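Let's take a friendly walk through this protein. Please have the sequence and the 3D view open as you read.

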Amino acid sequence: MTTEAQLTPVDIAIFGGGVAGLWLLARLRQEGYRAVLLESQTLGAGQTRYAQGIIHGGTKYALTGKLTGSSEAIAEMPPIWRACLAGEGELDLSAVELLSPNQFMWSTESLTSRMAGFFASKLMRSRTRTVEGDERPAIFRNPAFHGQVYRLEEPVLDTTSLVQALAEPQREALIKLNNPDAMQLSRSERGWQIAAGDICLEAKHLVFAAGKGNAALLEKCGRRTPTMQLRPLQMVMLRGSRDNPLPGELYAHCLGPSANPRITITTHYDSEGRTVWYLGGQIAEEGVGRDHTAQVAAAKKELGALFPWLDLSDAEWGTLPIERAEPKMGDGSRPDNVFADEADGIITAWPTKLALAPRLATVVIDKIQQGGVPPTTAGELPHWPHPGYAPLPWQEEQRWS
Ligand SMILES: Cc1cc2nc3c(=O)[nH]c(=O)nc-3n(C[C@H](O)[C@H](O)[C@H](O)COP(=O)(O)OP(=O)(O)OC[C@H]3O[C@@H](n4cnc5c(N)ncnc54)[C@H](O)[C@@H]3O)c2cc1C
């Protein structure tokens, strides 16, 4: 494909600069691998910047009776992230903005009485704590609120600062891939050759961590497996007016009758620092077929039902359609653990949750080591064009209606 002299040899080439690829890159380089990451747009541009930033610990699954062996894997995540946030973990994430050290879960009056036995169970007592009075977020201190509020020890992060904290120390290894469609991937004796414009690499191993983009990368190599499933969502965001701002920060799931939270609300800030509530959960799943106006109307109705005392008459709204990319499950269910498949020098990976990125990196590194790829002494890398950072959706003014 290209002459030997032009080729830059590397141990591992990762495709995709979301949380999965970036975490893996940092860990591989820490282990001494000569690893690079190619990003076709901007860092964080896929699902990562749309994430609510919750480092789940699995309580959601426990509540709905869906706690399985593999979802227990997620229970290990909050301590791993907390250590990194404190600068004492496997990666130094002390520069990441912690939006909240914990989140809350609340139940409406009717649901609380139906689930009283479960809330009193040993399992729930070990994972959650009922909070009253000043310990509750401002919205639940209103006398009109009659449900229960539980505190979950699950941190919430700002995803932009996370992407930056992961990427900045690895800057020299980040490559902007212009025109990914024209890129050529071909098998060579020593691994895989990548040719894209001026970029000519030979990697012993490839890792596809490109979220939704994994399907096209696999196709480029003539692969039909592993297969991917896309789960569409339509998220909603709202901000108050200057005279009537939203009533403070809220990081909370509302329990519903189904396996999913009825609504999940996280708090972020727009480009002028105004408080933004970002709504996911059932409302985002049910909102997929709706147009913008219908989805905003549905969100207004839901918030009106949950917080009838809240005046949102002059709030501004935005809707954000986005797809979750995951491995296809045989039974059509949603995966609850990381996925990494190795075949002929290519590992295809989906974390399925931002919170699981550390676990995915460990699984992928184990596969690389089992495949007998030792780290080579990392020499200097050539100067390539670097990708920029994707903005947060609520900081893009054109997204507000
Ligand atoms: C609305 C929403 C809310 C969520 N909230 C949470 C949450 O609160 N907590 C949680 O744990 N998880 C959450 N998730 C899940 C989480 O966001 C994802 O699991 C995670 O971000 C996936 O990361 P990734 O790096 O695999 O993929 P992505 O973030 O999608 O990144 C893939 C990257 O690959 C790039 N790319 C694509 N094609 C190519 C190519 N050919 N070459 C090079 N690069 C390419 C893309 O530009 C992109 O930057 C949420 C997801 C969504 C959609």
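The notes below cover the domains, the ligand shell, the helix contacts and two backbone details.

## Two domains

Please keep in mind that this is a predicted model. The protein chain is divided into two domains: domain 1 is made up of 4–48 + 161–227 + 329–397, and domain 2 of 103–152 + 230–325. Taken over C-alpha atoms, the centres of domain 1 and domain 2 are 34 Å apart.

The two domains also touch: 11 residues of domain 1 are in contact with 13 residues of domain 2. On the domain 1 side of that contact you will find 4 nonpolar, 4 polar and 3 charged residues.

## Around the ligand

Where does the ligand lie with respect to domain 1 and domain 2? Both domains give residues to the shell around the ligand, so the ligand lies between them. The shell holds 40 residues, and the ones that come nearest are Gly16, Gly18, Gly46, Gly211 and Gly213.

Several elements give two or more residues to this shell: helix H1 (19–30), strand S2 (35–39), helix H9 (214–220), strand S12 (228–239) and strand S16 (316–327). The largest share, 3 residues, comes from H1. Sorted by class, the shell has 21 nonpolar, 16 polar and 3 charged residues.

## H1 and its contact with H12

H1 is worth following further. Its axis and that of helix H12 (residues 357–370) come within 9 Å and cross at roughly 55°. Angles under 35 degrees count as roughly parallel and 65 to 115 as roughly perpendicular, so H1 is oblique to H12. The crossing of H1 past H12 is right-handed.

From H1, the contact uses Val19, Ala20, Trp23, Leu24, Arg27 and Leu28, and from H12 it uses Ala357, Pro358, Leu360, Ala361, Val364 and Ile365. These residues divide into 11 nonpolar, no polar and 1 charged.

## H1 and its contact with H8

H1 also meets helix H8 (residues 159–167); here the axes come within 9 Å and cross at roughly 30°. That angle makes H1 roughly parallel to H8. H1 passes H8 in a left-handed crossing.

Which residues make this contact? Val19, Leu22, Trp23 and Ala26 in H1 meet Leu162, Val163, Leu166 and Ala167 in H8. By class, the contact has 8 nonpolar residues, with no polar and no charged ones. Val19 and Trp23 of H1 appear here and also in the contact with H12.

## Two backbone details to look at

Most residues other than glycine have a negative phi, and most peptide bonds are trans. Two places in this model depart from those habits.

One is the peptide bond that joins threonine 225 and proline 226, which is cis, with omega about -5°. You can find proline 226 in the loop between H9 and S12. The other is aspartate 344, a residue other than glycine whose phi is positive, near 50°. Aspartate 344 sits in the loop between strand S17 (339–343) and strand S18 (346–350).

Technical notes:
Residues numbered from 1 in each chain as written. Predicted model: local features only at pLDDT ≥ 70, side-chain atom pairs only at ≥ 80, totals over all residues. Domains from an automatic or database assignment. Contact = placed C-beta atoms within 7 Å. Nonpolar A, V, L, I, M, F, W, Y, C, P; charged D, E, K, R; others polar. Near = placed C-beta within 6 Å. Helix = DSSP H or I, 4+ residues; strand = E, 2+ residues; numbered from the N terminus. Axes fitted to C-alpha atoms, helices over the stretch in contact; angles between N-to-C directions. Parallel < 35°, antiparallel > 145°, perpendicular 65-115°, else oblique. Left-handed = near helix turned anticlockwise from the far one by under 90°.
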